[in-house]
Structures are given as C-alpha cells and as structure tokens.
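The exercises below ask you to read a fold, its interior and its charged pairs from a structure. Please work through each task before turning to the solution that follows.

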Amino acid sequence: DNNTYNYITCISWASMSTSTSTPSTEPEKEPTQATYFGGCHCKRIRFKFLAPSKFEIIECNCSMCTMKGFLHLIVPHEKFELLQGKEFITTYTFNTKVAQHYFCSVCGICSYYIPRSNPDAFDVNVRCLDDFDLDKHKVQPFDGKNWEKHAHTLSHLSHD
C-alpha cells in the first residue's frame, strides 16, 4: 500500500544520505538558544523555557529577594511553559500587588513569579533550574532597595 511505499522510500533515502566528505576543522558553534527545565524542591511544580545559552543573572538586594535567595532571569511569557503543578501554586502579593509571587503550597519554594518590573514576563529563579551551572553566567547586582529609582533599567528584559 501507499504507506508501505513511503516508509520504504524514506528508509532508502536515509541510507543514501550518508556523507563521505571530510569532517570540518572549524570548531562547533555553541547554540544561541537553549531549553531550560526547572521547578520547586518537591518537583510538583515543573516548567521549561527557551532562553539564550549565555545570559546575565540579576541579583536584587530588596528584602523579598534577599530573604528568598532569588537570582533572576526574566523570560517572556511566550517562551515559558508550565509543565505541571498549577494546582500547587499559591500566590503572595504585597505593596502594589502587581508582582505575583508564586510559591509551591507543599515545599514553599518560589521558583518563578510575575515581576512588577516586567508583568509581561516570568521571573525565573535560576537556582531552581535543573543541572544549572551558576559559574558559567555573570551575576549583575541590582539595587532593589531603591526600586523606584532603578526599576526602569529592567523593563527591556522581557523583550527579545
């Protein structure tokens, strides 16, 4: 039948497409984008997102981020996907109530949230990423204690 023909044709083309050229001596280029996976401590909340292979991490000194040990990476909504655990998310808001701080209702970890500076994005705690090597990325300090004065410097981060 037609399906068998297509299957056999694909196998034939695949076996014929082996390259006989010499391997390139150019070093392989590192991909510019990567998919990252992460979540909370008990693994009930899991997510993935697409981001540059190399990116700058923001360390904020405001009371909330300092107490949580949060290291920031802003990810546009369209590049972020919650894989599981919506039913375990508890939200905390304060002050202007624009920021939506998401916590796991089981383990208490805040692995991501909607930031006040970029409500059109998620702010991921890079410490909650799977097999993430913090030493491969630059950490940039942010003066969150004086948030109103410096927030404008973050607004570009949710745009490509």
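## Exercise 1: the order of elements

Read from the N terminus on, the elements of the protein chain follow the order α-β-β-β-α-β-β-β-β-β-β-β-α. The model is a predicted one.

**Task.** State how many helices and strands the protein chain has, and what share of its residues is buried.

**Solution.** Counting by type gives 3 helices and 10 strands. Of the 160 residues in the protein chain, 34% are buried. As a further step, consider the contacts between residues at least 6 apart in sequence, of which 58% join residues at least 24 apart.

## Exercise 2: the nonpolar interior

**Task.** Find which elements give two or more residues to the largest nonpolar core.

**Solution.** Begin with the core itself, which has 21 residues, and in which Phe 49, Phe 80, Tyr 112, Val 124, Val 126 and Leu 129 have the most contacts. The elements giving two or more residues to this core are β2 (46–52), β4 (71–76), β7 (100–104), β8 (112–114) and β9 (121–125). A second core, separate from this one, has 12 residues, including Ile 58, Cys 65, Phe 70 and Cys 110. Finally, look at Val 126, which, with neighbours within four places in sequence left aside, is in contact with Phe 55, Ile 57, Leu 71, Leu 73, Phe 132 and Leu 134.

## Exercise 3: a buried acid

**Task.** Determine which side chain of opposite charge is nearest to Asp 123, and how far away it is.

**Solution.** Asp 123 belongs to strand β9 and is buried, and the nearest side chain of opposite charge is that of Lys 68, at 7.8 Å. Because a salt bridge requires the nitrogen and oxygen atoms to be within 4 Å, Asp 123 has none. Its side chain does, however, make a polar contact with the side chain of His 72, at 2.5 Å. Beyond four places in sequence, the residues that Asp 123 touches include Phe 70, Leu 73, Tyr 112 and Pro 115.

## Exercise 4: the salt bridges

**Task.** Locate the salt bridges of the structure and say which parts of the sequence each one ties together.

**Solution.** The structure holds 2 salt bridges. In one, the side chains of Asp 130 and Arg 46 meet at 2.5 Å, N to O; Asp 130 lies in the loop between β9 and β10 (139–142) and Arg 46 in strand β2, so the pair joins parts 84 residues apart in sequence. Asp 130 is partly exposed at 33% relative accessibility, whereas Arg 46, at 14%, counts as buried.

The other pairs Glu 81 with Lys 48, whose closest N and O atoms are 3.8 Å apart. Since Glu 81 lies in strand β5 (residues 80–84) and Lys 48 in strand β2, the pair ties together parts 33 residues apart in sequence. Glu 81 is partly exposed at 40% relative accessibility, and Lys 48 is partly exposed at 29%.

Definitions and conventions. Residues numbered from 1 in each chain as written. Predicted model: local features only at pLDDT ≥ 70, side-chain atom pairs only at ≥ 80, totals over all residues. Heavy atoms only, no water. Core = buried A, V, L, I, M, F, W, Y, C linked by side-chain atoms within 4.5 Å. Buried < 20%, exposed > 50% of the residue type's maximum accessible area, 1.4 Å probe, protein only. Helix = DSSP H or I, 4+ residues; strand = E, 2+ residues; numbered from the N terminus. Contact = heavy atoms within 4.5 Å. Lys, Arg positive; Asp, Glu negative; His and termini not counted. Polar contact = N/O pair within 3.5 Å; in protein donor to acceptor, adjacent residues only side chain to side chain.
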